[in-house]
Amino acid sequence: MFKGKVVIVTGAGNGIGKSIAKKFSEMDAIVCVTDINVDSAKKTSIECKNKSFYFKLDVTNKNEVKKTFNEISTITGNYHILIANAGVSTMNTIENLSEDEWDHNFNVNTKGVFLTNQEAIVQFKKNKIEGRIVNTASLAAKVGAPLLSHYSASKFAVIGFTQSAARETAKYGIRINAVCPGFVKTSMQDREIEWESKIRSMTKNEVLEEYIAQTPLGRLEKPEDVAKVVLFLAGSDSDFMTGQAINVTGGVYMT
Ligand SMILES: NC(=O)c1ccc[n+]([C@@H]2O[C@H](COP(=O)([O-])OP(=O)(O)OC[C@H]3O[C@@H](n4cnc5c(N)ncnc54)[C@H](O)[C@@H]3O)[C@@H](O)[C@H]2O)c1
């Protein structure tokens, strides 16, 4: 389905990004696996079924984004799809939230999406490529969440950016959508369960059970649940969709 397509995935060393990279590779795409942690990017690349490349990329660094995306163009000819997935979280009450936490979440989750989308859009327009972009937002981009005010705000911004960029670029045939995962079993979730259990004086298991109890489909989400929808949004079956933010939450959030 993606034969001949070159796909850049950010934050693809772990979790959801890794699953997305591997699924594209199974569908014959040439995947450029990027992550701030180059060792994890390399591991994902090794696990890819089809030809792939890996790069160290910190999405908060404009020069690095430009340099890496140019290098990808040189090596592959051109890229066609960007999956802006890299993201971070911390958990805290508003009273205890530090400026550093706020800035870190916005730098990676929001500025990282802006910088990578900007570079891809420039390239798509220059080369007349009807490119596709999928940005990773969150359930917390649709509804606020306690202990995640900063994260939630940074992800609401991703949807605002996605809608604006989609409106600006639709006339060039570029489509930009977002995906909103729920409670996905990844290293990010492990860290969040640890923090939340401490802040709320609960056991980790109690926190986990709350996540599942909030999910009508009755289980934790898997990275593959998200990857399948990302591939749909990047593929031709969604040709008439742009500016959407699709919930993939097992029904936690329904509008
Ligand atoms: N896990 C969840 O429950 C959940 C829910 C909703 C949305 N999300 C979003 O999904 C995306 C992936 O999350 P995950 O759960 O797989 O997290 P994860 O922590 O398992 O993986 C995130 C990856 O991003 C990389 N990364 C961190 N900072 C980076 C930077 N500055 N530049 C490039 N790469 C960087 C990390 O090295 C890591 O490999 C994030 O945007 C996250 O906010 C996750």
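**Loop residues, the parallel sheet and the ligand shell**

Asp-28 is found in the loop between α1 and β2, and in this predicted model the residue has a positive phi of about 75° although it is not a glycine. Asp-28 is classed as partly exposed because 14 other C-beta atoms lie within 10 Å, a count that falls between the limit of 12 or fewer for exposed residues and that of 20 or more for buried ones. A positive phi in a residue other than glycine is also seen at Lys-128, where the value is near 50°. Lys-128 has its place in the loop between α4 and β5, the latter spanning 132–136, and it counts as exposed because 9 C-beta neighbours are found inside 10 Å.

The strands of the model form an open sheet of seven members, arranged in the order β3-β2-β1-β4-β5-β6-β7 and paired in the parallel sense. The edges of this sheet are occupied by β3 (52–56) and β7 (245–248), each of which has a single partner strand, so that one side of each is left without a neighbour in the sheet. On average, and with direction ignored, neighbouring strands of the sheet are turned by 20° against each other.

Strand β1, which comprises residues 6–9, sends Val-6 and Ile-8 one way and Val-7 and Val-9 the other way, and all of these residues are buried. The strand is joined by four bridges to β2 (residues 30–35), with which it runs parallel, and within this pairing Val-6 stands opposite Ile-30 of β2. A second parallel pairing, made over three bridges, links β1 to β4 (residues 81–84), and here Val-9 is placed opposite Ile-83 of β4. The connection from β1 to β2 passes through helix α1 (residues 15–26), and the three elements together make a right-handed β-α-β unit.

A further right-handed β-α-β unit is made by β2, helix α2 (residues 38–47) and β3. The two strands of this unit, β2 and β3, run parallel and are joined by five bridges, with Tyr-54 in β3 serving as the bridge partner of Val-33.

Elsewhere in the sheet, β5 is joined to β6 (residues 175–181) by five bridges, and these two strands likewise run parallel; Asn-135 stands opposite Ala-178 in β6. Helix α5 (residues 149–169) packs on the sheet and touches β5, β6 and β7, its direction making about 160° with that of β6. Helix α8 (residues 223–234) lies across β4, β5, β6 and β7, and runs at about 165° to β6.

Two residues with charged side chains may be described in terms of their surroundings. Lys-23 is found in helix α1 and is classed as buried because 22 other C-beta atoms lie within 10 Å. When its neighbours within four places in sequence are left aside, Lys-23 is in contact with Ala-227 and Leu-231. The C-alpha atoms of Lys-23 and Cys-48 are 8.3 Å apart in space, while the two residues are 25 residues apart in sequence. Arg-175 lies in strand β6 and counts as buried because it has 23 C-beta neighbours inside 10 Å. Residues up to four places away in sequence not being counted, Arg-175 touches Arg-132, Met-241 and Thr-242. The C-alpha atoms of Arg-175 and Lys-67, by contrast, are separated by 24 Å, the two residues being 108 residues apart along the chain.

The ligand is surrounded by 32 residues, of which the closest are Gly-11, Gly-15, Gly-87, Thr-186 and Met-188. Three helices, namely α1, α4 (99–126) and α6 (187–199), each supply at least two residues of this shell. Sorted by class, the shell around the ligand holds 12 nonpolar, 18 polar and two charged residues. Helix α1 therefore appears in more than one part of this description, since it belongs to the right-handed unit with β1 and β2, carries the buried residue Lys-23 and contributes to the shell around the ligand.

Methods
Residues numbered from 1 in each chain as written. Predicted model: local features only at pLDDT ≥ 70, side-chain atom pairs only at ≥ 80, totals over all residues. Pairing = 2+ DSSP bridges. Right-handed = clockwise from strand over helix to strand, strands pointing away. Near = placed C-beta within 6 Å. Contact = placed C-beta atoms within 7 Å. Axes fitted to C-alpha atoms, helices over the stretch in contact; angles between N-to-C directions.
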